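This briefing covers the surface, overall build, salt bridges and two selected residues of one chain. Please read it alongside the sequence and the coordinates.

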Amino acid sequence: MTQPQPPRPGEVLLDLDPATVEGPTLAFIGRIGSPWTKGNSPKNLREARAAGGSFTVQIDLPYRAGLLGLSVGDAIVVLYWMDAARRDLIVQSPAHRDGPTGTFALRSPARPNPIALAVTRLLAIQADSGTLTIDAIDAFDGTPVLDIKPWLASVDIPPGFQA
């Protein structure tokens, strides 16, 4: 990982970098396939959908049996590890905000545990090769995948919430 940029005015660093702390381990179950690299990626999933492209989630062999029950057209939640993101900012000063904002109020990749999520639609499933074709994702090509979950309106929309 490259040396992080110095904080911008109003940003606050943690006393320690969570990347250096020992703790629970995670198993990556696959990788994201996308056209995005550092410097040419969209800022969010909406921009990724507008830009278009080829988007896949490649599941590693030991985890492919877990795809059983998924169907083309399903909405899924892809949880992924933003391995290129900095982890030491707890207050950020994003260009789209008027002032400093806590990391937990942002979808920024910079966070103590750089876990991201994308709610995507399954366009194709090749279970034998572990390839899921999805409608879009805003992650860099090769980003590690942590988990896939079904998106369920009856569970994932808070009671009384209106979009």
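The chain exposes about 10,200 Å², and carbon and sulfur atoms supply 57% of that area. The structure is a predicted model. Its fold comprises two helices and nine strands, and the notes below go from the whole chain down to single residues.

**Overall build**

- Read along the sequence, the elements follow the pattern β-β-α-β-β-β-β-β-β-β-α.
- The chain has a radius of gyration of 17 Å, which agrees with the value near 15 Å that a compact globule of 163 residues would have.
- Taken along the principal axes, the box filled by the C-alpha atoms is roughly 50 × 40 × 30 Å.
- Of the 163 residues in the chain, 34% are buried.
- Among contacts between residues at least 6 apart in sequence, 75% join residues at least 24 apart.

**Charges and salt bridges**

- The chain carries 14 positive and 16 negative charges, and the mean positions of the two sets are 4 Å apart.
- The count of salt bridges comes to four; three of these are described here, namely Glu11 with Arg8, Arg86 with Asp88, and Lys149 with Asp147.
- Glu11 and Arg8 meet through their side chains, with an N to O distance of 3.4 Å. Glu11 is buried because its relative accessible area, 12%, is under 20%. Its partner Arg8 counts as partly exposed because its relative accessibility of 47% falls between the 20% and 50% limits.
- In the pair Arg86 and Asp88, the closest N and O atoms are 2.8 Å apart. Both Arg86 and Asp88 are buried.
- Lys149 and Asp147 have their closest N and O atoms 3.3 Å apart. Lys149 is partly exposed at 40% relative accessibility, and Asp147 is also partly exposed, at 28%.

**Thr120, a residue in a strand**

- Thr120 lies in strand β7, which spans residues 115-126.
- Is Thr120 buried or exposed? Thr120 has a relative accessible area of 2%, under the 20% limit, so Thr120 counts as buried.
- Leaving aside residues up to four places away in sequence, Thr120 touches Arg49, Asp74, Ala75, Ile76, Val78, Ile134, Asp135 and Ala136.

**Ser54, a residue in a loop**

- Ser54 is placed in the loop between helix α1 (45-51) and strand β3 (56-59).
- Is Ser54 buried or exposed? The relative accessible area of Ser54 is 55%, over the 50% limit, so Ser54 counts as exposed.
- Which residues does Ser54 touch, not counting those up to four places away in sequence? The contacts of Ser54 are Gly33, Ser34 and Pro35.
- Ser54 and Pro4 are 50 residues apart in sequence, and their C-alpha atoms are 30 Å apart in space.

Note on methods:
Residues numbered from 1 in each chain as written. Predicted model: local features only at pLDDT ≥ 70, side-chain atom pairs only at ≥ 80, totals over all residues. Heavy atoms only, no water. Helix = DSSP H or I, 4+ residues; strand = E, 2+ residues; numbered from the N terminus. Rg over C-alpha atoms; globule rule 2.2 N^0.38 Å. Buried < 20%, exposed > 50% of the residue type's maximum accessible area, 1.4 Å probe, protein only. Contact = heavy atoms within 4.5 Å. Areas by Shrake-Rupley, 256 points an atom, 1.4 Å probe, with all protein chains shown as cover. Lys, Arg positive; Asp, Glu negative; His and termini not counted. Charge placed at Lys NZ, Arg CZ, Asp CG, Glu CD.
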